[in-house]
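Please look through the sequence and the model below before reading on. The briefing that follows takes the ligand site, the enclosed and open spaces, and some single residues in turn.

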Amino acid sequence: MNKRDTKSTVLIVDDEAEILTALEDLLEDSYEVLSTTSPEHALEILTRVPEVAVIISDQRMPDLAGDQFLARARAVSNAQAILLTGYADINAVISAINTGWVCGYAHKPWDPEMLRAMVANARERYLLGRELSLERALLNGVLANSGNAVSFKDREGRFVRVNALKAAKFGVTPEDCIGRFERDFVDEARAQEVATIEAEVIKQKRPIDTVEERPMPNGVMRWFAVCRFPILDQAGNVTHIGTIQRDVTEQRQMEERLRQSDKMEALGTLAGGVAHDFNNLLMAMLGNLELAAKRIDGDERVARYLRNATAAGRRGAALTERLLSFSRRKEIRSQLLDINETIRNMGDMLERTLGGLVEIKTELDPELWAGRADPEQIELAILNLCINARDAMPEGGVITIATANQDIRKRMPDLAPGRYIRLTVSDTGRGMSAEVRRRALEPFFTTKAGKGTGLGLSMVYGMAVQLGGAIRIQSTPDEGTTIELYLPSADAEPGVSCETDRTAEVPQIDPVRILLVDDDHSVREVTAAHLAALGHTLVEAKDGPGALDIMASDQRFDLLVADFAMPGMTGLDLALRARKVLPDLPVLLITGHAELPEAAENMSLLIKPFRQEELALRIAELIVKD
Ligand code: ADP
Ligand code: MG
């Protein structure tokens, strides 16, 4: 409801009752009128009725003089006051006006029109005061409780109002800012930038939005979405400039991470696909080379050619393996792991590898949670990170390897909430530019022309992600780099040990009858040749349905050897259906990349590319077990 349309309350105080009556008659049409002959009683009324807008008080009263009464009324009420006196009291009136207790006076006898006008004026002032203090309370509420930094400047650029958050960005209190300029708190270049935008706001008379990176008092850079807007007077001139500044650093980081993880996901798919096909080619090459080597009847020169070709093929296989680990398609063998222990065991090796110019420090959390990972991969990751650190410090420096527990509560684009082990490798080297930092995880991205492979960080990334963790890169040019690996902590379950290394000791077994299924012709041919060389008999099928057809009429198989990744029906699907016909049939799945689901009983895995010896070993294990 609009205050101005309702009747305001006027309180009249005079020791003569007739005067009260006369004034009531004069005012009651337009106001709610309260009246009393006692100033003490009037004070009571004021405490009880806060909405009294105007007080009209006699000066000369026996208990309490009017000016004294009004002075006390100030303490309990915001009402505007009019003093009613005879000329004899003019000194009291002057002092009451000068001390601000009253806004006017009328003398007895009064001119009715003039008195009405005075009361109307006083009411107006009262209402304005009320509105003003409400506006001020609203503004204060917003300034104090907004999560944004808010400030107002006059046209000359002096701060006139600043909330606590804004002042904190300068490292001072709001009072410290009043009357001062931007340049008193920030460097010249920055102040100039701000002045330019503000001049534009004044010129265009409309808000301007920007996103700005600014240093905080502690030196850390943060991002802000800033809105600067003009405050106009009635004539439409800009009198002030308001600024609302919202910290968007975290939002930007989130977006950046999301973009980054999308990109890595896409690269992973691409690299994984290439590596998978490549692996099949290598498999065929290496297999044929191995078969050929067995048939050259001591021709030493040909043997050397074949050895060279095999070595090159194996280097290719090592490369695809790293690509597969980047694309997270490499099978991971994890075990409960004390990462501190792993780091301690690497001490000597690191010193030898990294050379004398770098000093290696460790800061290991003694209470570190257990992790679950492949110790060799963790070692390889740490080694990769340390080598990168050394490469970034050609003049020498310090590498710090640290571990800590970290409980992550907030969901992030690349990390689910949970308990993590944070493994950090930091250096004091030359750091990375923003562009290098953005691309560092990409496979084959390197700045070490000719000397780097660009597969180090991508391998570390792939491992971290495959373990359910993440990697973070912080780097400042000329200051150094910190790489953080977040690895999920193992829940306290009994240790599952790493698959023990297979020894090359192959037990001799009698020939068996094998059903071999692989959709890739050249790989199947090589596998078949190996199996034949080992003395086994085989029947071949080029896909799952074909294999099932064969099994429908012929069930004399001792073993099923199937490629895992076949279109339509996977090796595992096939194995499960074959088991319906021959429940105890041993199965060997050949895989290049797939992470197998809980392998069923009596199934074994062989990773491509493999050597004949490994194939023999797996078959022996499956057959001997029976
Ligand atoms: P490579 O070491 O073979 O170049 P990486 O994948 O290990 O490949 O690293 C990719 C790139 O990331 C490097 O070429 C280098 O530019 C940058 N980089 C990685 N680690 C650091 C580091 N600690 N300091 C500075 N730059 C680094
Ligand atoms: Mg590297």
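Which oxygen or nitrogen partner in Gly454 lies 2.8 Å from an oxygen atom of ligand 1, a backbone atom or a side-chain atom? The partner is a backbone N or O atom of Gly454, and this pair is a polar contact, a term used here for two N or O atoms within 3.5 Å, where within protein one must be able to donate a hydrogen and the other to accept it, and residues adjacent in sequence count only if both atoms are side-chain atoms. This is a predicted model, in which local features need pLDDT of at least 70 and side-chain atom pairs count only at pLDDT 80 or more, while totals for chains, interfaces and linings use all residues. Residues are numbered from 1 along each chain as its sequence is written, chains are lettered from A and ligands numbered from 1 in the order in which they are written, and side-chain values use heavy atoms, with hydrogens and water left out.

**The site of ligand 1**

- Two further residues place a backbone N or O atom by an oxygen atom of ligand 1, with Leu457 at 2.8 Å and Gly456 at 3.3 Å.
- The protein covers 93% of the 530 Å² of accessible area that ligand 1 has on its own, where accessible areas come from the Shrake-Rupley method with a 1.4 Å probe and, for residues, only the protein chains shown count as cover.
- The elements that give two or more residues to the shell around ligand 1 are α12 (375-391) and α14 (456-466); helices (H or I, at least four residues) and strands (E, at least two) are DSSP runs, numbered from the N terminus.
- Ligand 1 is surrounded by 19 residues, the closest being Asn388, Asp427, Thr446, Thr447 and Lys448, and a residue counts as near if one of its heavy atoms lies within 4 Å.
- This shell divides into 8 nonpolar, 9 polar and 2 charged residues, with Ala, Val, Leu, Ile, Met, Phe, Trp, Tyr, Cys and Pro counted as nonpolar, Asp, Glu, Lys and Arg as charged, and the others, Gly among them, as polar.

**Cavities and a pocket**

- On a 1 Å grid over the protein atoms alone, a cavity is a set of points where a 1.4 Å probe fits but cannot get out, whereas a pocket is an open set with protein on both sides within 12 Å along at least five of seven lines, and lining residues have an atom within 4 Å of a point.
- The structure holds 2 cavities of 30 Å³ or more, and the largest has a volume of about 50 Å³, a volume being the space filled by probe spheres set on grid points that are joined across faces, edges and corners.
- The lining of the largest cavity has 6 nonpolar, 1 polar and 1 charged residue, and helix α3 (residues 66-76) gives the most to this lining, with 3 residues.
- The second largest cavity holds about 30 Å³ of space, and its lining has 1 nonpolar, 2 polar and 6 charged residues, with β6 (149-154) and α8 (188-204) each supplying at least two residues.
- The second largest pocket contains about 1500 Å³ of space and is lined by 40 residues, of which Gln253, Glu256, Arg257, Arg437 and Ile473 lie nearest its centre.
- Helix α9 gives the most to the lining of this pocket, with 11 residues, and the lining as a whole divides into 14 nonpolar, 12 polar and 14 charged residues.

**Two buried residues**

- Ile56 lies in strand β3 (residues 52-58) and counts as buried because its relative accessibility is 0%, where buried means under 20% relative accessible area, exposed over 50%, and partly exposed in between (1.4 Å probe, protein chains only).
- Asp154 in strand β6 is also buried, with a relative accessible area of 13%, and its side chain reaches the backbone nitrogen of Glu156 at 3.0 Å.

**Backbone exceptions**

- Most residues other than glycine have a negative phi, and most peptide bonds are trans.
- The peptide bond from Lys108 to Pro109 is cis, with omega near -10°, and Pro109 is found in the loop between β5 (104-107) and α5 (112-145).
- The bond from Lys608 to Pro609 is cis, with omega near -10°, and Pro609 sits in the loop between β22 (603-607) and α18 (612-625).
- Asp297 has a positive phi of about 50° although it is not a glycine, and this residue counts as exposed because its relative accessibility is 75%.
- Phe444, in the loop between α13 and α14, has a positive phi near 70° and counts as partly exposed at 46% relative accessibility.
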